[in-house]
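Subject: Structure for your review

Dear colleague,

I am passing the structure on to you below, together with its sequence. After it you will find some notes on how charged side chains pair in it.

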Amino acid sequence: KAQVDYFPSLVLMWLSTNSWYRSHYSEIVSKKDRDFINALHDDNTGRNKLYRQLEILLVDQSKRGVAFLSHLESLFYALNTAGLKWEDKEGAQEINFRHCMRHNTTPVEYFSIVEEVPRPKTKSEAEDARIRIDDRTVFISSRKVVFSGILEIIYKVRCLLVHGQLEPTKENHDVVRQCYFVLQMMMDF
(Lines give C-alpha, C1' and ligand atoms only; values in the text may rest on other atoms or scores of the structure.)
Protein backbone atom coordinates (compact mmCIF):
# COMPACT_ATOMS: atom_id res chain seq x y z
CA LYS A 1 0.00 0.00 0.00
CA ALA A 2 2.98 2.33 0.46
CA GLN A 3 4.03 2.11 -3.21
CA VAL A 4 2.87 4.51 -5.90
CA ASP A 5 0.22 3.10 -8.24
CA TYR A 6 1.37 4.24 -11.71
CA PHE A 7 -1.82 3.12 -13.48
CA PRO A 8 -3.71 6.37 -12.69
CA SER A 9 -0.47 8.37 -12.98
CA LEU A 10 0.00 7.28 -16.59
CA VAL A 11 -3.63 8.11 -17.37
CA LEU A 12 -3.18 11.62 -15.94
CA MET A 13 0.11 12.08 -17.81
CA TRP A 14 -1.58 10.96 -21.02
CA LEU A 15 -4.43 13.44 -20.42
CA SER A 16 -1.82 16.21 -20.28
CA THR A 17 -0.25 14.93 -23.49
CA ASN A 18 -3.67 14.63 -25.10
CA SER A 19 -4.55 18.19 -24.15
CA TRP A 20 -1.24 19.48 -25.55
CA TYR A 21 -1.48 17.73 -28.91
CA ARG A 22 -5.16 18.61 -29.38
CA SER A 23 -4.45 22.31 -28.91
CA HIS A 24 -1.10 22.22 -30.72
CA TYR A 25 -2.53 20.43 -33.79
CA SER A 26 -5.95 22.11 -33.71
CA GLU A 27 -6.21 21.95 -37.53
CA ILE A 28 -6.97 18.21 -37.29
CA VAL A 29 -10.73 18.15 -37.65
CA SER A 30 -11.49 14.48 -36.94
CA LYS A 31 -10.59 14.82 -33.23
CA LYS A 32 -9.62 11.09 -33.19
CA ASP A 33 -6.59 10.25 -31.07
CA ARG A 34 -5.14 8.10 -33.86
CA ASP A 35 -5.10 11.09 -36.25
CA PHE A 36 -3.24 13.21 -33.68
CA ILE A 37 -0.78 10.38 -32.97
CA ASN A 38 -0.14 9.99 -36.71
CA ALA A 39 0.48 13.74 -36.97
CA LEU A 40 3.06 13.46 -34.19
CA HIS A 41 4.70 10.50 -35.95
CA ASP A 42 5.00 12.47 -39.18
CA ASP A 43 6.16 15.78 -37.71
CA ASN A 44 9.88 16.06 -37.01
CA THR A 45 9.92 19.86 -37.16
CA GLY A 46 10.36 22.23 -34.25
CA ARG A 47 6.59 22.23 -33.90
CA ASN A 48 6.64 18.70 -32.43
CA LYS A 49 7.97 19.39 -28.96
CA LEU A 50 7.76 15.71 -27.95
CA TYR A 51 10.12 14.76 -30.78
CA ARG A 52 12.51 17.62 -30.01
CA GLN A 53 12.55 16.67 -26.35
CA LEU A 54 13.37 13.04 -27.21
CA GLU A 55 16.26 14.20 -29.41
CA ILE A 56 17.61 16.32 -26.57
CA LEU A 57 17.25 13.56 -23.98
CA LEU A 58 18.96 10.94 -26.14
CA VAL A 59 22.18 12.98 -26.34
CA ASP A 60 22.03 14.65 -22.92
CA GLN A 61 25.13 13.66 -20.91
CA SER A 62 23.76 15.07 -17.65
CA LYS A 63 21.93 13.15 -14.91
CA ARG A 64 18.65 13.88 -16.68
CA GLY A 65 19.77 12.25 -19.93
CA VAL A 66 21.20 9.26 -18.10
CA ALA A 67 17.93 8.88 -16.18
CA PHE A 68 15.95 8.97 -19.42
CA LEU A 69 18.09 6.25 -20.99
CA SER A 70 17.73 4.23 -17.79
CA HIS A 71 13.92 4.47 -18.05
CA LEU A 72 14.06 3.41 -21.71
CA GLU A 73 16.24 0.44 -20.76
CA SER A 74 13.84 -0.47 -17.95
CA LEU A 75 10.88 -0.17 -20.34
CA PHE A 76 12.70 -2.46 -22.81
CA TYR A 77 13.09 -5.16 -20.15
CA ALA A 78 9.65 -4.62 -18.59
CA LEU A 79 7.95 -5.08 -21.97
CA ASN A 80 9.95 -8.25 -22.63
CA THR A 81 8.94 -9.62 -19.22
CA ALA A 82 5.26 -8.64 -19.35
CA GLY A 83 4.59 -10.00 -22.85
CA LEU A 84 1.73 -7.56 -23.50
CA LYS A 85 -0.30 -8.21 -26.65
CA TRP A 86 -2.06 -5.81 -29.00
CA GLU A 87 -4.97 -7.14 -31.03
CA ASP A 88 -5.13 -5.97 -34.63
CA LYS A 89 -6.21 -7.32 -38.00
CA GLU A 90 -3.12 -9.52 -38.10
CA GLY A 91 -3.99 -11.12 -34.75
CA ALA A 92 -2.28 -10.66 -31.39
CA GLN A 93 1.03 -8.82 -31.73
CA GLU A 94 3.50 -8.41 -28.89
CA ILE A 95 4.22 -4.86 -27.74
CA ASN A 96 7.98 -4.39 -27.46
CA PHE A 97 10.92 -2.46 -28.91
CA ARG A 98 11.55 -5.14 -31.54
CA HIS A 99 7.97 -5.20 -32.78
CA CYS A 100 6.62 -1.68 -33.28
CA MET A 101 3.69 -1.12 -35.62
CA ARG A 102 4.08 1.32 -38.48
CA HIS A 103 1.69 4.19 -38.01
CA ASN A 104 -0.19 4.42 -41.31
CA THR A 105 -3.96 4.41 -41.28
CA THR A 106 -4.04 0.75 -42.28
CA PRO A 107 -1.04 -0.62 -40.39
CA VAL A 108 0.26 -3.89 -41.71
CA GLU A 109 4.00 -3.60 -41.25
CA TYR A 110 6.18 -3.89 -38.15
CA PHE A 111 9.72 -2.72 -37.46
CA SER A 112 12.30 -2.74 -34.70
CA ILE A 113 13.71 0.34 -33.00
CA VAL A 114 16.63 -1.67 -31.62
CA GLU A 115 19.22 -3.98 -33.11
CA GLU A 116 21.60 -6.56 -31.77
CA VAL A 117 25.32 -5.81 -32.03
CA PRO A 118 28.38 -7.83 -30.99
CA ARG A 119 29.57 -7.27 -27.45
CA PRO A 120 32.15 -4.46 -27.43
CA LYS A 121 35.71 -5.79 -27.28
CA THR A 122 37.49 -2.49 -26.81
CA LYS A 123 36.75 0.72 -24.96
CA SER A 124 36.36 2.60 -28.26
CA GLU A 125 33.76 0.07 -29.44
CA ALA A 126 31.87 0.51 -26.17
CA GLU A 127 31.94 4.30 -26.59
CA ASP A 128 30.72 4.45 -30.19
CA ALA A 129 28.00 6.92 -31.16
CA ARG A 130 25.12 4.45 -30.94
CA ILE A 131 22.76 4.70 -27.98
CA ARG A 132 23.02 1.46 -26.04
CA ILE A 133 20.33 -0.25 -24.04
CA ASP A 134 22.77 -2.87 -22.81
CA ASP A 135 26.06 -4.31 -24.07
CA ARG A 136 24.31 -6.15 -26.93
CA THR A 137 21.34 -3.95 -27.83
CA VAL A 138 21.42 -0.47 -29.41
CA PHE A 139 18.83 1.89 -30.81
CA ILE A 140 18.73 2.10 -34.59
CA SER A 141 20.25 5.28 -36.01
CA SER A 142 17.02 6.97 -37.14
CA ARG A 143 15.78 9.16 -34.28
CA LYS A 144 12.51 9.66 -36.16
CA VAL A 145 11.83 5.91 -36.22
CA VAL A 146 12.86 5.56 -32.56
CA PHE A 147 10.45 8.37 -31.65
CA SER A 148 7.62 6.74 -33.62
CA GLY A 149 8.25 3.39 -31.96
CA ILE A 150 8.36 4.78 -28.43
CA LEU A 151 5.25 6.91 -29.03
CA GLU A 152 3.38 3.92 -30.46
CA ILE A 153 4.37 1.70 -27.52
CA ILE A 154 3.23 4.26 -24.94
CA TYR A 155 -0.01 4.85 -26.86
CA LYS A 156 -0.78 1.12 -27.02
CA VAL A 157 -0.06 0.63 -23.32
CA ARG A 158 -2.30 3.62 -22.60
CA CYS A 159 -5.07 2.08 -24.73
CA LEU A 160 -4.83 -1.26 -22.92
CA LEU A 161 -4.93 0.55 -19.59
CA VAL A 162 -7.82 2.93 -20.35
CA HIS A 163 -9.93 0.21 -21.98
CA GLY A 164 -9.53 -2.13 -19.01
CA GLN A 165 -7.42 -4.73 -20.82
CA LEU A 166 -4.35 -4.46 -18.61
CA GLU A 167 -4.37 -6.75 -15.60
CA PRO A 168 -2.92 -5.20 -12.43
CA THR A 169 0.06 -7.59 -12.24
CA LYS A 170 3.53 -6.59 -11.05
CA GLU A 171 4.93 -7.06 -14.57
CA ASN A 172 2.26 -4.85 -16.13
CA HIS A 173 2.74 -2.26 -13.39
CA ASP A 174 6.46 -2.14 -14.24
CA VAL A 175 5.60 -1.43 -17.89
CA VAL A 176 3.13 1.32 -16.95
CA ARG A 177 5.62 2.84 -14.51
CA GLN A 178 8.35 3.10 -17.14
CA CYS A 179 5.90 4.44 -19.75
CA TYR A 180 4.93 7.11 -17.24
CA PHE A 181 8.54 8.18 -16.62
CA VAL A 182 9.45 8.19 -20.33
CA LEU A 183 6.37 10.23 -21.27
CA GLN A 184 6.80 12.57 -18.30
CA MET A 185 10.38 13.37 -19.33
CA MET A 186 9.37 13.87 -22.96
CA MET A 187 6.56 16.22 -21.89
CA ASP A 188 8.96 18.33 -19.80
CA PHE A 189 9.38 21.09 -22.43
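To begin with one residue, E55 is partly exposed, with a relative accessible area of 24%; please keep in mind that this is a predicted model. The partner of E55 in a salt bridge is R52, and their closest N and O atoms are 2.3 Å apart. R52 is likewise classed as partly exposed, at 29% relative accessibility, because that class covers values between the 20% limit for buried and the 50% limit for exposed. Both E55 and R52 belong to helix α3, which spans residues 49–59, and they are three residues apart there, or about one turn of the helix.

When the whole structure is searched, ten salt bridges are found, and a few others may be worth your attention. One of them joins the side chains of D60 and R64, with an N to O distance of 4.0 Å; R64 is partly exposed, its relative accessibility being 29%. Another brings together the side chains of K85 and E94, at 3.8 Å from N to O. In that pair, K85 has a relative accessibility of 45% and counts as partly exposed, while E94, at 26%, is also placed in the partly exposed class.

Finally, which residues are linked with D33 in a network of salt bridges? They are R22 and R158, which together with D33 make up that network. As general background, side chains of opposite charge can pair when their charged atoms come close.

With best regards

How values were computed:
Residues numbered from 1 in each chain as written. Predicted model: local features only at pLDDT ≥ 70, side-chain atom pairs only at ≥ 80, totals over all residues. Heavy atoms only, no water. Helix = DSSP H or I, 4+ residues; strand = E, 2+ residues; numbered from the N terminus. Buried < 20%, exposed > 50% of the residue type's maximum accessible area, 1.4 Å probe, protein only.
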